[in-house]
Amino acid sequence: MDRLVAMQVFAKVMEAGSFVRAAERLQISTTAASRLVADLENHLGTRLLNRTTRKLSPTEAGYAYYERCQQILGDIEEAEAALSTATQRPRGTLRISAPLSLGIRHLSPLLAEYRRRYPEVALDLELADRAVDLVDEGFDLALRISPQLPNNLIARRLCPIRLVICASPDYLARHGTPTTPQALAGHNCLGYTYASTGDDWTFGTDGSEKVKVKGNFRANNGDMLCAAAIAGEGIVRQPTFLIGDALRSGEVVSLLAEHGQPELYAWAVYPSRRHVTAKVRSMIDYLVEAWGDAPPWDRGLG
């Protein structure tokens with residue numbers, strides 16, 4: 001048994017949650033992955049994983065051994081990187097999770113240039129508005145939108161995200177224009193399923209003022225809500241990277257801007273501060289360069 005290989009397989013099984021997914025990521029057979037972990041358990045004289053037909057779970061010894069494996073494997077990776085100039089170049093597969101609409105509208109146009117700069121990096125993207133588990137699901141990097149650094153995660157701030165409350169001129173002509181945040185309670189407000197504040201819309205840069213809103217339309221995708229607002233369905237609260245074009249064209253108009261909106265940011269989140277690979281660092285630096293403090297989607301909005 002190659003103990004180092006067995007440790008790598010065990011660590012990947014822990015991260016993936018199954019032998020099948022771990023084997024796929026390591027490009028070996030499921031049988032080989034299972035055998036290597038079994039050999040490792042025999043060598044150590046203890047069970048690392050509890051196996052049933054439906055579930056795979058680590059033992060207490062398995063958790064402890066996994067933590068040490070991470071340290072050892074990380075130290076080996078760091079040592080190799082320090083000694084080999086080849087590993088200083090961004091290379092390998094970079095798995096990224098990003099919000100759906102941000103990914104389609106503003107990340108995807110940047111990827112061709114990134115690939116020209118770093119031809120040895122293969123990109124594997126998953127676009128979804130849910131918050132993925134980077135370690136368990138095997139992601140190198142995730143883009144998230146929040147007011148502050150996500151708890152218990154390593155992250156770098158990429159750019160500010162501006163929220164705007166707006167509605168179409170047609171809707172406002174039919175239902176009137178709210179002049180105070182409290183007036184929103186009497187309007188049809190379009191709800192975002194994943195909003196961290198639920199049905200409360202917050203005001204002020206610190207989000208200290210809250211208004212509970214209601215409406216007859218809710219969706220888990222911002223583009224859908226923007227389309228509904230443009231069609232005159234109601235009032236929407238969305239970031240300028242989605243609604244900016246409609247604001248420029250006059251299809252919707254901004255409301256209650258003088259009351260302010262909480263400060264949000266796009267973050268690049270990654271699993272470890274100690275072992276930031278060249279491929280992860282290259283993508284983060286590239287996005288900071290492309291978006292920065294004045295992202296292109298805010299140009300012309302004032």
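Contact here means heavy atoms within 4.5 Å. The model shown in every view is predicted.

**View 1. Helix H9 on the three-stranded sheet.** By that criterion, H9 lies across S7, S12 and S13. The direction of H9 is at about 110° to that of S12. The sheet beneath is open, with its three strands in the order S12-S7-S13 and antiparallel pairing. S12 and strand S13 (253-255) are the edge strands, each paired on one side only. On average, neighbouring strands of this sheet are turned by 50° against each other, direction ignored.

**View 2. Pairing of strands S7 and S13.** Strand S7 (residues 163-167) runs antiparallel to S13, and three bridges join the two. Within this pair, Ile165 stands opposite Leu255 in S13.

**View 3. Packing of helices H5 and H9.** The axes of H5 and H9 are 10 Å apart and make an angle of about 60°. Angles of 65 to 115 degrees would count as roughly perpendicular and those under 35 as roughly parallel; H5 and H9 are therefore oblique to each other. From H5, the residues in contact are Ser101, Leu102, Arg105 and His106; they meet Phe241, Leu242 and Asp245 of H9. By class, the residues of this contact are three nonpolar, two polar and two charged.

**View 4. The second largest pocket.** This pocket has a volume of about 1,200 Å³. Its lining is made of 49 residues, and Ile145, Tyr192, Tyr194, Ala195 and Ser196 lie nearest the centre. Elements that each supply at least two lining residues include helix H5 (100-117), helix H9 (240-249), strand S8 (191-192) and strand S9 (200-203). S3 and strand S12 (236-239) are also among them. The largest share, four residues, comes from S5. The lining has 24 nonpolar, 15 polar and ten charged residues.

**View 5. The five-stranded sheet and helix H10.** Five strands form an open sheet in the order S4-S3-S5-S14-S6, with mixed pairing. At its edges are strand S4 (121-127) and strand S6 (154-161), each pairing on one side only. From one strand to the next, the twist averages 25°. Helix H10 (residues 278-290) packs on this sheet and touches strand S3 (92-98), S4, S5, S6 and S14. The direction of H10 makes about 20° with that of S6.

**View 6. Pairing of strands S5 and S14.** Strand S5 (residues 141-146) and strand S14 (residues 264-270) run antiparallel and are joined by five bridges. Leu143 stands opposite Ala268 in S14.

How values were computed: Residues numbered from 1 in each chain as written. Predicted model: local features only at pLDDT ≥ 70, side-chain atom pairs only at ≥ 80, totals over all residues. Heavy atoms only, no water. Pairing = 2+ DSSP bridges. Axes fitted to C-alpha atoms, helices over the stretch in contact; angles between N-to-C directions. 1 Å grid on protein atoms, 1.4 Å probe; cavity = no way out; pocket = protein on both sides within 12 Å on 5 of 7 lines; lining within 4 Å. Points joined across faces, edges and corners; volume = space filled by probe spheres on them. Nonpolar A, V, L, I, M, F, W, Y, C, P; charged D, E, K, R; others polar. Parallel < 35°, antiparallel > 145°, perpendicular 65-115°, else oblique.
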